[in-house]
Amino acid sequence: MVQRRDSFTLLRERTRWRIALLMCLFGMGMMVVLGLLNARDGRQDSVFLSIAVFSVLAVCLVMLLALPRSTGGKIYFWITIGVLVYLPLFGLQQGRTFHYWAYVLPPVLFFLMRPKPALVAMIAFGIYACAMVAPFTPWIDVARIGLSYSLLVGFMYTYALLEESASAMLRYYSERDPLTNCLNRRTFNETLQEFEQAASDDGGAVLLMDVDRFKSINDVHGHLVGDRVITQVAATLGTELDTGMALYRYGGEEFAVMFAGGDEARALQLAERLRRAIETTTISGLQVTISIGVAVWGTKASSVAAALDAADNALYAAKRAGRNRVESASAHAPRLQRSL
Ligand SMILES: Nc1nc2c(ncn2[C@@H]2O[C@H](COP(=O)(O)OP(=O)(O)OP(=O)(O)O)[C@@H](O)[C@H]2O)c(=O)[nH]1
């Protein structure tokens, strides 16, 4: 059975693979430097150790390049986890458990919380540790401690960046509609609440837009064309918005714009510009139109939700009046109330 690979998994795999590749190259470079330094000092054992680690990393590098990214990345990560578990065990065997845990535990704890301050703290800790051991340790050992510690810092930091980019991506997908990439209805509702909380500072306006006779586009041309029309309508509307404004996909073929601080004149002007942009653009080879309902809110929190209702009523009025038009809630309020 083929397992579905969602975009989050793909992003994670790609980022892990890149991190693994960088860390391999970094580690190999480090082993070359250490090997040369040890050779110069005639420390044959350490030279062999550097060559051994270099060879393991070279094998990892070849695996990363030769295997599928997901497999290579996974193997590299398990090897790294193995090293992180092995280090304290090795320390235990040497009777210096604390020394080795000091390498592994703080960075893990740090990076679980905040990557950037943790990075600064770890660099400071590395410099401090090297400075402390420098007076009574051969400098080659200081260099070894510093370099292996920087490998750990690099690994933890890139891993933390991976987590950050993954959560940014999750946030992006939870806010947006997958077909049009507009902000979705959930984000619209959240923004509405924010406007309600801030309503006492400022008024604002809401525009509800609906593609006219969209059902017949689906019926005549099929749902795939319907989807393409929705996408292109969204793209066209998006290019016409003022800076800082967002387009929401409110429902199937319905879109919304909300902004604070605007008066009715500005909202109507924007609505007319959006209507005209759709009317004058050929969308998937079709002439498409939209109807728009506009309402404004004042400085009472309850007036924001009321404005949304009023915009919906105004949209309904625009449909009844023949479509491809903008209607303002203020012009229709009395008549709408009478007809309810
Ligand atoms: N292709 C496609 N169709 C959708 C999507 N979401 C909703 N629809 C369709 O959009 C149509 C909306 O039709 P109606 O609400 O009846 O209105 P309309 O035909 O646009 O007519 P008016 O709004 O009165 O101008 C329905 O047939 C839905 O199935 C979508 O994401 N893709």
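Helix 9 passes helix 10 in a right-handed crossing, meaning the near helix is turned clockwise from the far one by less than a right angle. Keep in mind that this is a predicted model, where local features need pLDDT of at least 70, side-chain atom pairs count only at pLDDT 80 or more, and totals for chains, interfaces and linings use all residues. Residue numbers start from 1 along each chain as its sequence is written.

**The helix pair**

- Helix 9 covers residues 223-240 and helix 10 residues 264-279; helices here are DSSP runs of H or I with at least four residues, strands are E runs of at least two, and both are numbered from the N terminus.
- The two axes come within 9 Å and cross at roughly 135 degrees, with axes fitted to C-alpha atoms over the stretch in contact and angles running from 0 to 180 degrees between N-to-C directions.
- That makes helix 9 and helix 10 oblique to each other, the label for whatever is not under 35, over 145 or 65 to 115 degrees.
- Helix 9 brings Val233, Thr236, Leu237 and Glu240 to the contact, and helix 10 brings Arg273, Leu274, Ala277 and Ile278 (C-beta atoms, placed from the backbone, within 7 Å).

**Two loop residues with positive phi**

- Arg213 isn't a glycine, yet its phi is positive, about 45 degrees; look for it in the loop between strand 1 (204-211) and helix 8 (214-221).
- Arg213 counts as partly exposed because it has 15 C-beta neighbours inside 10 Å (20 or more would be buried, 12 or fewer exposed, with C-beta atoms placed from the backbone).
- Asn324, also not a glycine, has a positive phi of about 50 degrees and sits in the loop between helix 11 (302-320) and strand 7 (326-328).
- With 19 other C-beta atoms within 10 Å, Asn324 is partly exposed.

Note on methods: Two residues are in contact if their C-beta atoms, placed from the backbone, lie within 7 Å.
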